[in-house]
Amino acid sequence: MSINRTTYQFPFTHYPAVRLVLLCIAGILIAEFTGISWIAALSVTLSVFAAALTLEWIKRKTLRTEAGTLAVLMYLLFILCLGMSVTSLQESRSGMSMVEEKLPAVFGADTLRWHGRVTEASLSAGGTMAVFITADSVKTPSGRLITTQRINTQIRYFRADSATAAAFQPGDYIVASGVPSEVPQRRNPHDFDVRSWLAGMGIFVQAVGHGTPEITQKAGPFHWGWWRTRVREGINRVFSEQQAPLAQAILIGQRTGLDTELRQDFSRAGIAHLMAVSGMHVGFVLIPLWFVIPYFWKMRGGSVAGLLLICITLFLYAGITGFSPSVQRASVFALFIAIARLFRYRRDPVNLTGLAALLILLVDPSSLFQIGFQMSFGAVLTIFVMLPVLERLFSQEHRRRWYARVIQLTVLSLFIQFALMPILIHRFHEFSLIGPFMNTIAAPITQLLFILGFAGVFTGMMYEQAGILLTLPADYLTMLLARLTTWSASLPGAYIEARLGSLWMYPFWVSLFGFFACLFNPALRFKALILCGIIGIVWQIDGVRNQHTQEHLQLTFFDVGQGDAVLIQTAEGRNYLYDTGMWSPFGNSGERFILPHLRAEGIRKLDGIFLSHPHADHIGGLLPILENVEVDVIYDPGFEYHSAIFAGYRAAAGRKEIPVVIPSPGEVIWLDERTPAYVLGPLPGLSSSNPNEHSLVIQIHYGRQRVLLTGDAEQQAETLLARQYGELLKSDLYKAGHHGSRTSSHDFFLEYVQPRKTVVSNALNNRYNHPHPEAARRILQHSDRERLFYTALDGAQIFRLDGAEIEYVNWRDK
């Protein structure tokens, strides 16, 4: 039957579940962006439902079609309002309770005793043990009861070891001593958001642990934690020591013991989902049951028995994997598919997907904003939409040949990877180009590994040697998968780092895949192409408009603790660093703060790095930056210093052939064609051997505005600068010297600088007691209190200069 191009309409009536889930999503978004109260949302929902029932009654009494049409519209509006209601109700319940709010405020300096069950215990690479507990009571050391309210808490123990962490298993009842504290906010724009992550688990209170928690009751067989521990121990018994961590990640999603570099390799190879228990793993669980479903058809009541067996299997797997949201989502969808097959209903995968999404969103509307939900249903919908298109690439005769299946699987994997591209770039700032090919190879390996691995684990619980023998092929497959992943991730061009420049990419991508889905539908193909073109044009117009409105000089003063690091971004798109933060045995500012920020901002090259002086709190993050980012030139004050970090930086610069330039006072370094940086110091005549006094001082000019960066210049350097330049030191934005120490920012110097805004970069409660009171008083005399900014108090500070005015950027509200 031919399709009339002019009269064709999309058959929405064929996809009722899709309509319902779209309405539910609209309701969730309305509640999220309007902040409507749950009482108001529920009142509207009940009113709409009452109106729908009334119209339904009128239709039956009067047989008027208009009433029936209005009733249908009201039912649809009811679904929208229902999404709005459950969202507002969830938000009203998900906040911090009064007890959780007051614990850190009232007992922030006191040690309390937390009584509760362990949900998880892990050890970081830096030696910090995190014990997550659900406390049923909190008491003082003397035994006075503070609260019996159930509180989810994370208790951190520093300098712990693996043996201590391994002693605590999910379900154990413990008594732990710790000082309560608020969960800290992000300190820099692109730091990992610990507060949001913990809030997603219902945790609003942390504690710093003292001593070792006391286990008063071990978990028993009636607690899921006991079973998870037995499975984890079973994996460790039957797999080799080298392969056990990866086997745990693939079989039960336990990644705490996995090497950090291997986890990164999986991400860059595009197969990180293999280590996060998801729909693929649930599918592996159901494969054996899928083949026996026809036998249930022959039994009386067999469909019900089969459904019961599938429900039990899914419930058990969800239990041993910790009832993760991804497994719950996949289990709901798998259950619908199984019901359709068991009861021989016509399977409509698109409607089944929509129905599963609808139920999940009604139970937990916040799932809509979770990357797992977005990627899971994005991948499933891509499969259902693109698979019919791919099947038409082959004739009926060749469609079921093995090579056609391999080609379809590879191309489908390619489509899935690229369909999820905006989400991956938006969330992780990376996209794997080799992922589609790796998925084609890794998926069957993982499937075989999964089945053999679990067979070996459960066999090993009864007969250990038989389990080890049965798991031997799975052990080799695990090793093969790890080596293949590491090799593929190291290939040139295996992945790209990118930034989602505009949210317009999402509708453009949807329309683009809509066009691919309509390749064999002439009635829609041209319309989809026009829609794609229109969205693309709007995207480009918006980009040009933003480019014209974003011509400014931006400075980001990172919160790196007790150190300095400033990112300078010019109006013409060039990027520089002034200092690179600090180094400590537990990490450095380059890896923790600066590199994640550069990746998130799409900065792959630095046009230059200014090093004020060679102390570790200013060059401590330099080495990882040199290893991961292209750098054109390094500007160094020329003060020789004997330290491993300084020697390492010079060696790395020489190895990478990065020129190290020692600029002279009075020299002009053009950051771009409109932005000169004048080198003011170090001036000749310095008699001090203190590296601080030899700091590289620069003043950046943009339009009529000036920015002064002085490193750790102290009294002698400031005296020479004031004598040499006088009123030329006047600046709109000033980074206080030496973290607000009394040795810098003297009155005679600030009288010339007269800053409109001043930034002090230091750590809260640092061992140097910076900022010193006398320095703070001097700065306040020359700068209003509202114009003084501390990284220790408010995290990273961002300013934009347009040549005339300074704009303070509140990045937390973005």
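## Salt bridges, aromatic pairs and a helix packing

Arg 60 counts as exposed, with a relative accessibility of 64%, in this predicted model. Its salt-bridge partner Glu 56 is instead buried, at a relative accessible area of 18%, which falls under the 20% limit used for that class. The side chains of Glu 56 and Arg 60 meet at 3.8 Å, N to O, a value that lies within the 4 Å cut-off for a salt bridge. Glu 56 and Arg 60 stand four residues apart in helix α2, so that about one helical turn separates them. The pair also belongs to a wider arrangement, since Glu 56, Lys 59 and Arg 60 are linked in a network of salt bridges.

### Salt bridges

Side chains of opposite charge can pair when their charged atoms come close. Over the whole structure, the search finds 19 salt bridges, and the table lists some of them, including the pair in helix α2.

| Salt bridge | N to O distance |
|---|---|
| Glu 56 and Arg 60 | 3.8 Å |
| Arg 756 and Asp 732 | 3.3 Å |
| Glu 774 and Arg 742 | 2.5 Å |

Which parts of the chain does the salt bridge between Arg 756 and Asp 732 tie together? Arg 756 lies in the loop between α26 (747-753) and β24 (757-760), and Asp 732 lies in the loop between α25 (715-725) and β23 (733-735), so the contact joins parts that are 24 residues apart in sequence. Arg 756 is partly exposed, with a relative accessible area of 29%, whereas Asp 732 counts as buried at 12% relative accessibility.

The salt bridge of Glu 774 with Arg 742 connects helix α27 (residues 773-782), which holds Glu 774, to the loop between β23 and α26, which holds Arg 742, and therefore ties together parts 32 residues apart in sequence. Glu 774 is partly exposed, at a relative accessible area of 23%, and Arg 742 is likewise partly exposed, at 41%.

### Aromatic pairs

The structure holds 29 aromatic pairs. One of them, formed by Phe 49 and Phe 78, is tilted, with 4.8 Å from centre to centre and 35 degrees between the planes. Phe 49 lies in helix α2 (residues 38-62) and Phe 78 in helix α3 (residues 65-94), so this pair ties together parts that are 29 residues apart in sequence. Phe 49 is partly exposed, with a relative accessible area of 32%, while Phe 78 is buried at 17%.

Phe 373 and Phe 377 form a tilted pair too, with 4.7 Å from centre to centre and 45 degrees between the planes. These residues are four apart in helix α14 (residues 371-391), so they are separated by about one helical turn. Phe 373 counts as buried at 6% relative accessibility, and Phe 377 is buried as well, with a relative accessible area of 10%.

Elsewhere, one aromatic cluster is formed by Phe 415, Phe 508, Trp 509, Phe 513, Phe 515, Phe 516 and Trp 539.

### Packing of α17 and α18

Two packed helices are described by the angle between their axes and the distance between the axes. Helix α17 (residues 435-462) packs with helix α18 (residues 464-489) at an angle of about 155 degrees, and their axes are 8 Å apart. That angle makes α17 roughly antiparallel to α18, because angles over 145 degrees are assigned to that class. The crossing of α17 and α18 is left-handed, and the residues of their contact divide into 18 nonpolar, 10 polar and one charged.

Terms used: Residues numbered from 1 in each chain as written. Predicted model: local features only at pLDDT ≥ 70, side-chain atom pairs only at ≥ 80, totals over all residues. Heavy atoms only, no water. Phe/Tyr/Trp six-rings, centres within 6.5 Å; stacked < 30°, edge-to-face > 60°. Helix = DSSP H or I, 4+ residues; strand = E, 2+ residues; numbered from the N terminus. Buried < 20%, exposed > 50% of the residue type's maximum accessible area, 1.4 Å probe, protein only. Axes fitted to C-alpha atoms, helices over the stretch in contact; angles between N-to-C directions. Parallel < 35°, antiparallel > 145°, perpendicular 65-115°, else oblique. Left-handed = near helix turned anticlockwise from the far one by under 90°. Nonpolar A, V, L, I, M, F, W, Y, C, P; charged D, E, K, R; others polar.
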